[in-house]
Amino acid sequence: MNSDTILAKIEASLDDPETPRWAIPMLLCIRDDHRRLNEHLATHNRWSVSATQILINVIIAISVAVTFWFLAGRLPAIFGP
């Protein structure tokens, strides 16, 4: 279910005269929690892109360093005197 659909149903329930009075505070809490959860997940998505780029760059740097270290140790043994 889409987030907007859930919020629309909650808003419709809050405006519905048949909604029991005892359910209104629960619906308000659910609505607020749902909004905060969506904001929190959006923050994770923003950080995820940056973290992925950094992780890829670190892995590439380590791979290049290990490759040069390996070649520096093996090439003199292969092509040395």
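# Notebook: two helices and their contacts

I began with Val64, which I located in helix α2, the run of residues 23–79. The model I am working from is a predicted one. I looked up the accessibility of Val64 next and found 41% in relative terms, so Val64 counts as partly exposed. I then asked which surface patch includes Val64, and found a nonpolar one of about 1,100 Å². Its other members are Ile54, Ile56, Val58, Ile60, Ile62, Val66, Phe68, Trp69, Phe70 and Leu71.

**Entry: helix α1**

I turned to helix α1, which covers residues 3–15. I checked its length: 13 residues at 1.5 Å a residue should span 18 Å, and I find the end C-alpha atoms 19 Å apart, which agrees. Which residues of α1 are buried? I list Ser3, Leu7, Ile10 and Leu14. Viewed down the axis of α1, these buried residues fall within an arc of 60 degrees, so they line one face of the helix. I recall the general rule that an α-helix has 3.6 residues a turn, so residues three or four places apart point the same way. On the face of α1 turned away from the buried side, I note the exposed residues Asp4 and Asp15.

**Entry: His34**

I looked up His34 and placed it in helix α2. Is His34 buried or exposed? Its relative accessible area is 16%, and I record His34 as buried because the cut-off for that class is under 20%. Not counting residues up to four places away in sequence, I find that His34 touches Ser3, Ile6 and Leu7. Of these, Ser3 and Leu7 also stand in my list of buried residues of α1.

**Entry: Arg31**

Arg31 also has its place in helix α2. I find a relative accessibility of 15%, so Arg31 counts as buried. With its neighbours within four places in sequence left aside, I record contacts from Arg31 to Leu7, Ile10, Glu11 and Leu14. Among these partners, Leu7, Ile10 and Leu14 are buried residues of α1.

**Entry: salt bridges**

How many salt bridges does the structure hold? I count 4. As a general point, side chains of opposite charge can pair when their charged atoms come close.

I took the pair Glu11 and Arg31 to begin with; the closest N and O atoms of this salt bridge are 3.1 Å apart. Glu11 lies in helix α1 and Arg31 in helix α2, so the pair ties together parts that are 20 residues apart in sequence. I note that Glu11 is partly exposed at a relative accessible area of 27%, whereas Arg31 is buried at 15%.

Arg31 also meets Asp32 in a salt bridge, at 3.6 Å from N to O. I looked up Asp32 and found it partly exposed, with a relative accessible area of 28%.

I then examined Arg36 and Asp33, whose side chains form a salt bridge with an N to O distance of 3.1 Å. Why are they about one helical turn apart? I attribute this to their spacing, because Arg36 and Asp33 are 3 residues apart in helix α2. For Asp33 I find 47% relative accessibility, so it counts as partly exposed.

To close the entry, I asked which residues are joined into one network by salt bridges that share partners. I record Glu11, Arg31, Asp32 and Arg35.

Note on methods: Residues numbered from 1 in each chain as written. Predicted model: local features only at pLDDT ≥ 70, side-chain atom pairs only at ≥ 80, totals over all residues. Heavy atoms only, no water. Patch = residues over 30% accessible without salt bridge, like charges linked within 9 Å, V, L, I, M, F, W, Y side chains within 5 Å. Areas by Shrake-Rupley, 256 points an atom, 1.4 Å probe, with all protein chains shown as cover. Helix = DSSP H or I, 4+ residues; strand = E, 2+ residues; numbered from the N terminus. Buried < 20%, exposed > 50% of the residue type's maximum accessible area, 1.4 Å probe, protein only. Expected span 1.5 Å × (residues − 1). Arc of directions from axis to C-beta. Contact = heavy atoms within 4.5 Å.
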